[in-house]
Amino acid sequence: MMDRKPVKDIELSAHNSVSELVEQFAETGGFLSVKINKASKIIKDMNAKKCTKFLSFPANVIATGTRGAIRTMIDRDLVDVIVTTCGTLDHDLARLLTDYYHGDFNMDDAELRDKGVNRLGNVLVPDTSYGVPIEKWMQPFLKEIYNEKERWVPCEIWREMGIRMSKEERGSQSLLAKCAEKNVPVFVPGLTDGSIGSQLWQFWQDKREFTLDILQEQHKLSDIIYEAEETGALMIGGGISKHHTIWWNQFRGGLDYAVQITTAPEWDGSLSGARVKEAVSWGKVKHEAEHVTLEGDATVILPILISSVIE
């Protein structure tokens, strides 16, 4: 049946809060704005119940100021579990120790390479801000935890990193430090796919007894899943972090709440492009679940969405 609810105009004033603006989105009939309103309500519903809340995202957003929005989510108890990629560890540590810089999508990449600068979209990551600082920080850290014990569950290493990172000059800006403070476990299923992973391998060259117990980590994740009364997820992009989130939730019958933010088209067949509703066919999201997919840039959508929730 045709929806007879009339489309209403947005009313803007100098006194509008973000939450008031997002509330108006429900009436605008305006494409993505309606979805932002729905996503806001889903996240509020997740937090109004005994729901274990997952947040999955790729590393690229941590190279941007969006790290601050994610850190705020953790500080406001909007996240119980993080699933992400190794690059998140890289960028969080590198930005703790040094700076990244503004660039442009149209810069000359050959010229940048000659100058020792890596381009991540429109963010510039100099060699001096990435590999060397990470190595100088990681190797003493790994030696320290190795002296405590030889066998480690990876998520325990990320927690130990967060504890030590909190003591650095910029410790308050660190995502891992905030996770350690709030006891939010961080799972990195592709832990060798990044600079931190390379540091683990490099350390292992001399200390072959150093062991990463990835199966015990999966057991920790399974305990979280099976003990949850309900589960919900906010997923940015796709890839291994999204899949690990929905994969484990299928073992309890699927997510009860799901929000995804993505820029990928559905027709490319990727997990980034797959809308949340596709996961219903796999049993990874319950067919009666509250869910929505937001098509757009997470560096814009996430701050608006989370501001509307915490206000």
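The legends below describe three close-up views of a predicted model.

**View 1. Arg164 and the residues around it in helix α7.** R164 lies in helix α7, which covers residues 154-165, and its relative accessible area of 15% places R164 among the buried residues, because buried means under 20% relative accessible area. Its side chain makes a polar contact of 3.3 Å with the side chain of E148, while a second polar contact, of 2.6 Å, joins the side chains of R164 and E160. When residues up to four places away in sequence are left out, R164 touches W137, F141, E144, I145 and E148, so that E148 appears in this list of contacts as well as being a polar partner of the R164 side chain.

**View 2. A nonpolar surface patch with Trp247.** Y226, W247 and F251 make a nonpolar patch of about 330 Å² on the surface. Of these residues, W247 is found in helix α11, which spans residues 239-249, and W247 is partly exposed, with a relative accessible area of 36%.

**View 3. Two cysteines, Cys155 and Cys179.** A disulfide is a covalent bond between the sulfur atoms of two cysteines. The count of disulfides in this model comes to zero. C155 is in no disulfide, and the nearest cysteine sulfur to that of C155 belongs to C179, 12 Å away; likewise C179 is in no disulfide, its nearest cysteine sulfur being that of C155. Because a disulfide requires sulfur atoms within 2.5 Å, the 12 Å between these two sulfurs leaves the pair unbonded by this rule. Both cysteines count as buried, C155 at 10% relative accessibility and C179 at 2%.

Methods: Residues are numbered from 1 along each chain as its sequence is written. This is a predicted model: local features need pLDDT of at least 70, side-chain atom pairs count only at pLDDT 80 or more; totals for chains, interfaces and linings use all residues. Side-chain values use heavy atoms; hydrogens and water are left out. Patches are made of residues with over 30% relative accessible area and no salt bridge: like charges are joined within 9 Å, nonpolar side chains (Val, Leu, Ile, Met, Phe, Trp, Tyr) within 5 Å. Accessible areas come from the Shrake-Rupley method with a 1.4 Å probe; for residues, only the protein chains shown count as cover. A salt bridge is a side-chain nitrogen of Lys or Arg within 4 Å of a carboxyl oxygen of Asp or Glu. Helices (H or I, at least four residues) and strands (E, at least two) are DSSP runs, numbered from the N terminus. Buried means under 20% relative accessible area, exposed over 50%, partly exposed in between (1.4 Å probe, protein chains only). A polar contact is a pair of N or O atoms within 3.5 Å; within protein, one must be able to donate a hydrogen and the other to accept it, and residues adjacent in sequence count only if both atoms are side-chain atoms. Contact means heavy atoms within 4.5 Å.
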